[in-house]
Amino acid sequence: MPVANTEIAELFERYATLLEIDGANPFRVRAYRNAARTLENLPQSAVSMLEAGEDLSELSGIGEDLADKIGAIARSGRFDELEELQDDLPASLAEIAALPGIGPKRVARLYEALGVERLDELEKAAKDERLRKVEGFGARTEQKILDEIARRAGRQKRYRLASAEQMAAPLLAYLRDHPGIKEAEIAGSYRRRKETVGDLDILVTAARDAEVMEHFVAYDDVEAVIAKGSTRSTIRLRSGLEVDLRLVPAVGWGAALHYFTGAKAHNVQTRQIAAAKHWKLNEYGLFDGDERIAGKTEEEVYQALGLAYVEPELREDRGEIEAARDGKLPELVTVEDLKGDLHCHTRASDGRDDLETMARTARERGHAYLAISDHSQHMRLAGGLSAKRLREQLRAIDELNRGFDDFRLLKALEVDILEDGRLDMDPDVLNELDLRICSIHDALDLPGDKQTERLIKAMDDPRCNVVAHPTGRLINKRDPYRLDLERVMEAALERGCFLEINAQPQRLDLNDRHARMAKEMGLKLAISTDAHSASGLAFLRFGIDQARRARLEPDDVLNTRSWPDLQKLLCRN
DNA sequence: GCCGTTTTCGGCCCGACTGTTTTCAGTCG
């Protein structure tokens, strides 16, 4: 497998951290970080761009030098400069720099003064009260470091969006409940609907004498108050999730919302536009000298800068600023655009509810159709259907459909793609279905070329319509299969197959970057819940979140269509 | 190290909070 963009980004990121500890020019450090981010957000692989003869130095933040370095890494899989630097500075210093409150300067000082290279050595030095003897460190910092190391031992770094939502919603309601608080919104990556969030940034406006910060830190799910000031406080919830609250003036509400929604790189861009007009944009507003010329609403800020309003999901510095300037922003798909759901399970395999409950719930949710796609027999643990049991289900679906005039259950199956790429069901039975969802559930660790061939072979079968959860990743739990997704997408496009954005909160597969790659290739996607219960049908909106981040418009999504239109699209002959 | 209707050299976003200081450096977002 070629070197992935994320691997190169990781190398640059590590290099940047060590450079920083080494005391290098901070702008040089930033250049590596910027390049890492550009690579991570790139819809196609840098290596394939190089092979196609494209000039990487045309990418933003990548100049001649870094383009050469990417080329060298692509060829050798190694980053020589990083290895050289690691001869002087142990790579493990980066872990110490990752502790909150510890930055490159303090890491360097600890390394020089105490020879501390690793976290366990740092912990020992803190316990021996040797840290407090180092200039710039005191007893409190020593204790903070010990607490942090202890806490770190059993904690995930980032929270899945849906998990964060479960903690955020009641907290937001608690804040809005306070009579002195006028407006309260969650900004940050949560508002951008990123698949995972590291912490929550909440903004509020309030009456002058409202004791907002007291109310905030008194929330009963607070485990620790990390900071408490008059305009900003930070707490840690019992789950470990940290929450920042900022009290902002109402007159600058829009500017604050914009500033704290980010992403950082998007903000830098907008601030540069302001600077070019000799204005200043900060979290309090857009200023011409001392005069505030915008800031009450986000719309006002964008408009003053000569930009169309950019939806939060797009604010990642992935070309949205240019699009906003040129009036070329996409009309993002919304959950209301979806006419139905193309992937779910019932009690017949590993779902919890029966056909009728699933149908009734989907119809109540406003769906015009719901594809019933239980597992095929290869998925023994999930109670996969044999041809016989599937045919029984098809009869039951016909029976139920007779009772609806504004809704339809679609006959489908989540067919296992066997290790050799064949579909796990008799072709004659597959032909009786409205559509076939195909997916991989075993032999996840095949080499990348084998896994890619397997998927393409499955799509060679004219019965294959949609490849479900195409990369198999589980957020924070399981990496994607080794797979050449670009080849898979090309093959899907050639064959009239489609891929899925699986809306299960732990899957979100395809992710935002891959979905955007599909869009740019002209490949349409299904957004499906893969619900295993009637309540799971509500997950569609998490799929929509990622689709919007990928710039998908209604036309890019299969299930924005009525069933007759969708049926035409699915027909492969 | 990148980048240019501010510049091919000299900039590169900036304000709040903390802890260790006693006027500020370091860190963070």
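Reader: In this predicted model, what makes Leu338 a contact of isoleucine 527?

Author: Two residues are in contact if their C-beta atoms lie within 7 Å. Isoleucine 527 touches Leu338, so that pair meets the cut-off. Ile501, Ala503, Leu540, Gly543, Ile544, Ala547, Val557 and Asn559 are touched by Ile527 too, leaving aside residues up to four places away in sequence.

Reader: Why is Ile527 called a member of a nonpolar core?

Author: Core members must be buried, which means 20 or more other C-beta atoms within 10 Å. Ile527 belongs to the largest nonpolar core, of 110 residues, so Ile527 counts as buried. With Leu370 and Leu525, Ile527 touches the most other members. Helix H13 (residues 253-261) gives this core its largest share, six residues. A second, separate core has 36 residues, among them Ile8, Ala16, Leu39 and Leu110.

Reader: How do you know which residues surround DNA strand B?

Author: A residue is near the strand if its C-beta atom lies within 6 Å, so that cut-off decides. 38 residues surround DNA strand B. The closest are Gly63, Gly103, Gly138, Ala227 and Gly229. H14 supplies the largest share of this surface, five residues.

Reader: What makes the surface near DNA strand B mixed in class, and how many residues fall in each?

Author: The split is 13 nonpolar, 13 polar and twelve charged. Gly counts as polar, so Gly63 falls in the polar class.

Reader: Which residues bring H1 and H5 together?

Author: Leu11, Arg14, Tyr15 and Leu18 in H1 meet Glu81, Leu82 and Leu85 in H5. Five are nonpolar, none polar and two charged. The helices pack at about 35°, with axes 10 Å apart.

Conventions:
Residues numbered from 1 in each chain as written. Chains lettered and ligands numbered in written order. Predicted model: local features only at pLDDT ≥ 70, side-chain atom pairs only at ≥ 80, totals over all residues. Helix = DSSP H or I, 4+ residues; strand = E, 2+ residues; numbered from the N terminus. Axes fitted to C-alpha atoms, helices over the stretch in contact; angles between N-to-C directions. Core = buried A, V, L, I, M, F, W, Y, C linked by C-beta atoms within 7 Å. Buried ≥ 20, exposed ≤ 12 C-beta atoms within 10 Å, placed from the backbone.
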